[in-house]
Amino acid sequence: MCELMGDPVDEEKMPVDYEDFPDYVHVAYEIFGRLPDIRSGMDAIFTGKELTALPLFFDIYQIDCPEDRRKILSAISIINNRAIKESTNKKPKKPKSKV
């Protein structure tokens with residue numbers, strides 16, 4: 001975009017691309033996408049991912065190293081928290097009743 005506008009490219013302002021992340025983050029995104037959602041309330045608001053299947057996915061993806069598991073779990077937690085925050089921000093606000 002900067003090049004099109006004739007401006008110098010400032011790498012500090014460039015957004016991070018998916019390929020820039022380490023491999024464990026890619027694996028975390030894959031596993032996160034396969035985990036079942038937890039929804040609550042009458043509006044079925046997304047409240048996170050069910051993490052009890054993580055050991056199964058670690059086995060399927062052959063992630064045996066405890067340090068790799070910690071990194072992936074940490075990345076999944078970050079992704080999950082952001083997804084929850086985004087979901088709650090999209091939740092329609094109920095009008096306050098006047099008493």
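This passage walks through the nonpolar core and the salt bridges of a predicted model.

Start with the inside. The largest nonpolar core is made up of twelve residues: Ala28, Ile31, Phe32, Leu35, Leu54, Phe57, Phe58, Ile63, Ile72, Ala75, Ile76 and Ile79. Three elements give two or more residues each to this core, namely α2 (23–34), α3 (54–60) and α4 (66–90). Of these, α4 chips in the most, with four residues. As a general backdrop, nonpolar side chains tend to be buried together in soluble globular proteins.

Isoleucine 76 is a handy place to look at this core, being one of its members. Leaving aside residues up to four places away in sequence, isoleucine 76 touches Ala28, Ile31, Phe32, Leu35, Leu51 and Leu54. Several of these partners, including Ala28, Ile31, Phe32, Leu35 and Leu54, are themselves listed in the core.

Now for the charged side chains. The structure holds four salt bridges. One of them joins aspartate 37 and lysine 49, with an N to O distance of 2.7 Å. This pair links distant parts of the chain, twelve residues apart: aspartate 37 sits in strand β1 (residues 37–40), while lysine 49 belongs to strand β2 (residues 45–49). The two ends of the bridge fall into separate exposure classes. Aspartate 37 has a relative accessibility of 38% and so counts as partly exposed, whereas lysine 49, at 11%, is buried, because buried means under 20% relative accessible area. The pair does not stand alone, either: Asp37, Arg39 and Lys49 are linked in a network of salt bridges.

A second bridge runs between helices. Aspartate 59 pairs with arginine 69, and their closest N and O atoms are 3.6 Å apart. Because aspartate 59 lies in helix α3 and arginine 69 in helix α4, the bridge ties together parts that are ten residues apart in sequence. Arginine 69 has a relative accessible area of 25%, so this residue is partly exposed.

Another salt bridge stays within a helix. The side chains of arginine 70 and glutamate 67 meet at 3.1 Å, N to O. Both residues are in helix α4 and three residues apart, so about one helical turn separates them. Glutamate 67 is partly exposed, with 38% relative accessibility.

Put together, helix α4 turns up in both halves of this account. This helix gives the most residues to the nonpolar core, holds the arginine 69 end of the bridge to helix α3, and carries the arginine 70 and glutamate 67 pair.

Terms used
Residues numbered from 1 in each chain as written. Predicted model: local features only at pLDDT ≥ 70, side-chain atom pairs only at ≥ 80, totals over all residues. Heavy atoms only, no water. Core = buried A, V, L, I, M, F, W, Y, C linked by side-chain atoms within 4.5 Å. Buried < 20%, exposed > 50% of the residue type's maximum accessible area, 1.4 Å probe, protein only. Contact = heavy atoms within 4.5 Å.
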